[in-house]
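This report walks through the arrangement of strands and helices, some unusual backbone positions, and the surroundings of a bound ligand. Please keep the sequence and the structure in view while reading.

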Amino acid sequence: MNRYSRITGTGSYLPPRRVTNADLAAELGASGVETSDQWIVDRTGIHARHFAATDVTSSDLGAQAARNALEAAGIAAGEIDLIIVATSTPDMVFPSAACILQNKLGIAGCAAFDVQAVCSGFVYALTVADSLIKTGAASKALVIGAEVFSRILDFTDRTTCVLFGDGAGAVVLEASDTPGILASDLHADGKHVGILCVPGTVSGGKVMGDPLLKMDGQAVFKLAVGVLEDAARATLAKAGRTAEDIDWLIPHQANIRIMQGTAKKLKLPLDKLIVTVDQHGNTSAASIPLALDAAVRSGKIKKGDTLMLEGVGGGFTWGAVLVDF
Ligand code: ACO
């Protein structure tokens, strides 16, 4: 019998502090940085984002999302034999956020590691977990995207600080004799490192270089729509499906214009697009599982639906995963 993996539960968690565009514009304005609700909504579709308190880490947000996913799957934390956390804002340089999160779940012994592929992190992590389940190396995995991007934002740079938010999403992925994860397609092109990066690092006890996010928004925009279409088409071809088979498109929630552009290229009606960027902003690796969980809990996504998950982000990285839910 063939061995596959299936999503059996989803969960998410947002830190309680919700910051609307008007709140942010007022805060930024007080330090001489001009922006407006209208500019942010027109260019990005974002109305609000959540920011974590300064003592709250990615593993805190991720652990809460994981607990919610475990509850939805109806399994105990102790049954998990693999934890993968996708994050670019880990609690520490090391150990991984996954190890810290494992301890917060009150379990020990199972494999735990982070995947760093920026906003493509969740599709990378889901693909790795699917592969480990298919080989028999794992049977019940937690795959989590968790970020505190507010920590790496330059609040004097209005072209980036209005775009991002904090949060976490998680899925439980279990071995199954029927396929849930149908196919995936992952890519990277390191020559684009400079268009989206946090160039600083820790060295000799000091931060070397700039530890805040830098982005060439227009360069990212141009690359994103093309690679998202290519990844979706390649994934559909691997699975022997067509775009008409997609019930829900869940792209990385970066910017409504990129998301709608991708749906149009795939000739999908916009009512098949799951949108949470309006309420969450761009939460990087957390955005896809956050959007998935919101749509599952609102009753939009139902068991048996076919989902196209798509990520794109710094690296440059991109990829897609096709799922029978
Ligand atoms: N408020 C008001 N005005 C602003 C703001 C702001 N927050 N930010 C920029 N502007 C101004 C600029 O200064 C510029 O003014 P000027 O014409 O007087 O020079 C004007 O608005 C236009 O700026 P552009 O950068 O040309 O605006 P653009 O239409 O390209 O929109 C944006 C910028 C929203 C960043 C867009 O390029 C974009 O969405 N890019 C993709 C970014 C993205 O999605 N990144 C994440 C993907 S990967 C990941 O998630 C990590």
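In this predicted model, residue A183 stands opposite L322 in strand β15. The two strands concerned, β8 and β15, run antiparallel and are joined by seven bridges. They belong to an open sheet of four strands, whose order is β8-β15-β14-β13 and whose pairing is mixed. At the edges of this sheet are β8, residues 181–188, and β13, residues 248–251, each of which pairs on one side only. On average, and with direction ignored, neighbouring strands of this four-stranded sheet are turned by 10° against each other.

Another open sheet has five strands, in the order β1-β7-β6-β4-β5, and its pairing is also mixed. Here the edge strands, each pairing on one side only, are β1, which covers residues 4–13, and β5, which covers residues 111–115. The average turn between neighbouring strands of this five-stranded sheet is 20°, again with direction ignored. As general background, strands of a sheet pair through backbone hydrogen bonds, and they may do so either parallel or antiparallel.

How do β1 and β7 run, and how many bridges join them? These strands run antiparallel and are joined by nine bridges, with β7 spanning residues 166–176; within this pairing, S12 stands opposite G169 of β7. Helix α10, made of residues 287–297, packs on the sheet and touches β1, β6 and β7, while its direction makes about 90° with that of β1.

At the other edge of the sheet, β4 and β5 run parallel and are joined by five bridges, and I83 stands opposite A112 in β5. The chain passes from β4 through α4 to β5, and this β-α-β crossover is right-handed. The helix of that crossover, α4, consists of residues 97–104 and lies across β4 (82–86), β5 and β6 (140–148), running at about 125° to β4.

Several loops carry backbone features that deserve attention. In the loop between β4 and α4 lies P95, and the peptide bond leading from F94 to P95 is cis, with omega near 0°. A further cis peptide bond runs from G315 to F316, with omega near -5°; F316 is found in the loop between β14, residues 306–313, and β15, residues 317–324. The loop between β5 and α5, the latter covering residues 121–134, contains V118, and this residue has a positive phi of about 50° although it is not a glycine.

The remaining topic is the ligand, which is surrounded by 23 residues, the closest being R43, C119, Q218, N255 and N282. The table sets out three contacts between polar atoms of the ligand and the protein.

| Residue | Protein atom | Ligand atom | Distance |
|---|---|---|---|
| R43 | side-chain N or O | oxygen | 2.6 Å |
| R158 | backbone N or O | nitrogen | 2.9 Å |
| Q218 | side-chain N or O | oxygen | 2.6 Å |

Taken alone, the ligand exposes 1,000 Å², and the protein buries 75% of that area. The contacts in the table include both side-chain and backbone atoms of the protein: R43 uses an N or O atom in its side chain, as does Q218, whereas R158 contributes a backbone N or O atom.

Technical notes. Residues are numbered from 1 along each chain as its sequence is written. This is a predicted model: local features need pLDDT of at least 70, side-chain atom pairs count only at pLDDT 80 or more; totals for chains, interfaces and linings use all residues. Side-chain values use heavy atoms; hydrogens and water are left out. Two strands pair if DSSP finds at least two bridges between them. Axes are lines fitted to C-alpha atoms, for helices over the stretch in contact, and angles run from 0 to 180 degrees between N-to-C directions. Contact means heavy atoms within 4.5 Å. A residue is near a molecule or strand if one of its heavy atoms lies within 4 Å of it. A polar contact is a pair of N or O atoms within 3.5 Å; within protein, one must be able to donate a hydrogen and the other to accept it, and residues adjacent in sequence count only if both atoms are side-chain atoms. Accessible areas come from the Shrake-Rupley method with a 1.4 Å probe; for residues, only the protein chains shown count as cover. A crossover is right-handed if, with the strands pointing away from the viewer, the path from the first strand over the helix to the second runs clockwise.
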